[in-house]
Amino acid sequence: MDGKNLRDKNYWGKLKKDVARQKWIYMLIVLPLVYYFIFKYIPLWNAQIAFRNFKSVRYGITTSPWVGMENFYEFVTSHYFWSLIRNTLMYSVGKIIVSLPLSIILAIAIYECRHGALRKVVQTLAYLPHFLSWVIMYGILLSLFAPGDGIINDLIKFFGGQPIDFLTNAKAFPWLVIFSDAWKEMGWSAIIFIAALMGIDVSLFEAAMVEGANSWQRVKYITFPAIKPVIVTVLLLKIGTIFEAGFNQIFMLYSPAVYSVGDIIDTWVYRQGLLEGQFGLATAAGLFKGLIGMLLLFLSNYLSKKYTESSLF
Amino acid sequence: MKTRTTLIILLALLTAISPVFAGGSKEAKADDGLTHIEMWYNATQTEVGPLPNDWVGYDILRDMGIELDASSLPSSTTDQDMKVQAAAAANELPDFFVANREVWVRLANNGMLADVTDLYELMPERTAIMFDQDAINFTTIDGRSYGFATPSIITMNEGLVIRKDWLDNLGLEVPTTLDELFDVMYAFTYNDPDGNGRNDTWGYGAFIEETIYESYPGRRFEPLMGAFGVDGTWDMSKDSFGLQIHKPEFYDYMVFMKKIIDAGVIDPNWMAYKKDDFRAAWKQGKFGIMREQNAALHAQNNYAPFDANFPEGEWIVIEPPYGPTGLRSVGPAVRGLRIWCISADAADAGKAEKICELFEWMAHDEGYFLCGWGQEGINYVLDENGIPVSTEGDIGFEGPIGQTYIQLRSMAFNYTSETELLSRYPVYTCENSGKEMSALWTLRDMQSKTWTPANGMDSMPIPGNDLKTYYQQGLAEFFTGARELTPENWQAFIDQLDKLGATAWEQEGYDYAVANSYLV
């Protein structure tokens, strides 16, 4: 028996013993596993409709005729394919660039805040928008940014400027999408960083203070390095879902006037797949997204492991 | 002991996840001798609750051997379409449901719907009232009918309306031409028509509202398109049939639209407004000219907020303006049919005859009055002319509880009878202004204006998604200035539109219109 097999045997033997000893702890994992099996793995069987001329379950999935890559071909040769890719990436990357640093800054700011009451108020106010649906957010944004009587435009007009129709102006719309998302989700995204910050050994800060480190130096040399693995993890997870640009948000906010910069893969799939009833095509687009996302995840995980020594797996 | 505990936990887990596997077991029916019919309907009032479980109609239908399971569809047509199509894909269509023609076409072509050609004779009363040859053509593919086309709205129930009090305040006449209309829009925007000393009003108000026959930017702009003879998606005349967007006059219309946008005389929120925002805006006095529906404008509950805000305010219906070649139109006049479909599964299960029995019952007095107004003496009483009048209080058919009992009204109404109209739109006195009003008067006024005959336009072929997107996006970009509106740019836009399939769509439309004798 070579060394590798021996190691493997030892590993499984240890695991078996561990499971036997801690079975109630291991039982906790059953529910998530069942969830993933039912809702994430069983549906994969139906992904085959991406390769079929599927009309309805009435006529069966497996009995629908194979069309090979026809649905994929139709998607990638669509008049809008490249603008869909560009817009989707623009929002995904834009949201990462804007939201991630803001979440980290907010988390550090909350962590560093020494006034308990103020910290709680800020934290609660920052979380609150996460619980509002995009329908509500649309109403808020309309009252803020409407060209006719929005508060922001009232201010612009008050100072002698020309009102801007943020919701239908192709130049303003992407910024509105990215920053409104940051506003809504920044507080919620900060939770994971706050949790990481809570795990830092306080004695490190005490030692740094004894050594004369100021606040910024403590953040730079203790706080930031301590949460770097979490930042990398969050970043990698976001890269894995790079083609998820936020359907709910964009669906609520966009209109034909900003299709050129607002239409993303998911909104196109909604119109083409659900409204036009082309489920094979919609599934092909979904698979395309998933595959690219997976490749990017592996690539970024590899690069992260190589250059930062932090990785997901 | 430990084994037993483990088994109990596993059993509990399996019980917890069992609904996942049980979902959609629509074959599981109680053996009660009744025909179970699952029905998705278009609610009369989506703001109030669903049809209550104690609706007396359920008992009557049980006596007829029918166990009805009625669910309301979402309020917006887009959500309705999505729900029906998703159900179709999963083979979870209800037995009997209502659909827009766009969705119906896809379902019929995919073999999801029952052939109902031979079922009309089972509904003699309803057929006599509703299913004329045009209605049957509306649901016919290759000589077979796949649904029952029923009226869903009162025809020509919209009109171009204007704030008469603003005209009077500024000493202006009712505009009759496009140039005069522009001048009034300008005055409404810049001459403080409400006299509040603030520059907070606009001439025209609208929002994007597309239908199968009113393409982007849709219905609210039809009176302006009508002045150029390009109202509706299609020109249905024999001599000049085609997509309106292909006509040179469409470019002229675009120039006029650009003019009112650039002059700032249209409420700049028009591209962002949803229907409710638009309706809230005119009630707040933000603009003075619009195309609106009779009941949305002058039904008592809808008019009350405007009456409270502006007791001296007055909206009047006007003829649409004449354009440069003397044309005018409020818009295309279609019958507004929606299609009741029997799913192929329901027909296979032998339910079609019972569904027809149910539908026919709703066209006879008992079902008609029960669905339309509720129970006599409880939800309504008949006045001296035999017109149903809502009883007092919440339980009356106009009250918040009573309204739930008439959720199936659209299945019963034919939308033309005097009884229906007089009952729906009674004369009332405004609380603040003391004016006497009726949405029926407004309806009659609107119907008397100039409309474009458009029989069959609402059943014409539909464009593919990319073509539709390009159509909408292109016009929107010209409106916002993202693309400069010049003859060259316009031609480039039309060329690309044709490349994406507009010419083929037009040819398909021509073939369909000829085959169905829709050309006039």
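This passage walks through the domains of chain A and then the sheets and helices of chain B in a predicted model.

In chain A, the domain assignment separates domain 1, covering residues 3-51, from domain 2, covering residues 69-308. Between the C-alpha centres of these two domains of chain A there is a distance of 32 Å.

Turning to chain B, a good place to start is an open sheet built from five strands, arranged in the order β2-β1-β3-β14-β6 with mixed pairing. The edges of this sheet are taken by β2 (66-72) and β6 (148-151) of chain B; each has a single partner strand, so one side of each has no neighbour in the sheet. On average, and ignoring direction, neighbouring strands here are turned by 25° against each other. Within the sheet, β1 of chain B, residues 35-41, pairs with β2(B) in the parallel sense, and seven bridges join the two strands. Tyr41(B) is found opposite Ser72(B), a residue of β2(B). Helix α15 of chain B (residues 352-363) lies across β1, β2, β3 (96-99) and β14 (337-342) of the same chain, and its direction is at about 55° to β1(B).

Chain B also holds an open sheet of four strands, again with mixed pairing, in the order β8-β11-β7-β12. Here β8 (202-204) and β12 (315-318) of chain B are the edge strands; since each pairs with a single partner strand, one side of each is left without a neighbour in the sheet. The average turn between neighbouring strands of this sheet, direction ignored, is 35°. Strand β7 of chain B (residues 158-163) is antiparallel to β11(B), with five bridges between them, and Gly159(B) stands opposite Glu292(B) of β11(B). Helix α8 of chain B, residues 178-190, packs on this sheet through β8 and β11 of chain B, and its direction makes about 150° with that of β8(B).

Strand β11(B) comes up once more in the packing of helix α11 of chain B. Which residues of α11 (residues 275-283) are buried? They are Phe278(B), Arg279(B), Ala281(B) and Trp282(B). Viewed down the axis of α11(B), these buried residues fall within an arc of 155°, so they line one face of the helix. This fits a familiar rule: an α-helix has 3.6 residues a turn, so residues three or four places apart point the same way. The partners of the buried residues of α11(B) are β11 (287-293) and α12 (294-298) of chain B. After α11(B) comes Gly285(B), which has a positive phi near 75°.

Key:
Residues numbered from 1 in each chain as written. Chains lettered and ligands numbered in written order. Predicted model: local features only at pLDDT ≥ 70, side-chain atom pairs only at ≥ 80, totals over all residues. Domains from an automatic or database assignment. Pairing = 2+ DSSP bridges. Axes fitted to C-alpha atoms, helices over the stretch in contact; angles between N-to-C directions. Contact = placed C-beta atoms within 7 Å. Buried ≥ 20, exposed ≤ 12 C-beta atoms within 10 Å, placed from the backbone. Arc of directions from axis to C-beta.
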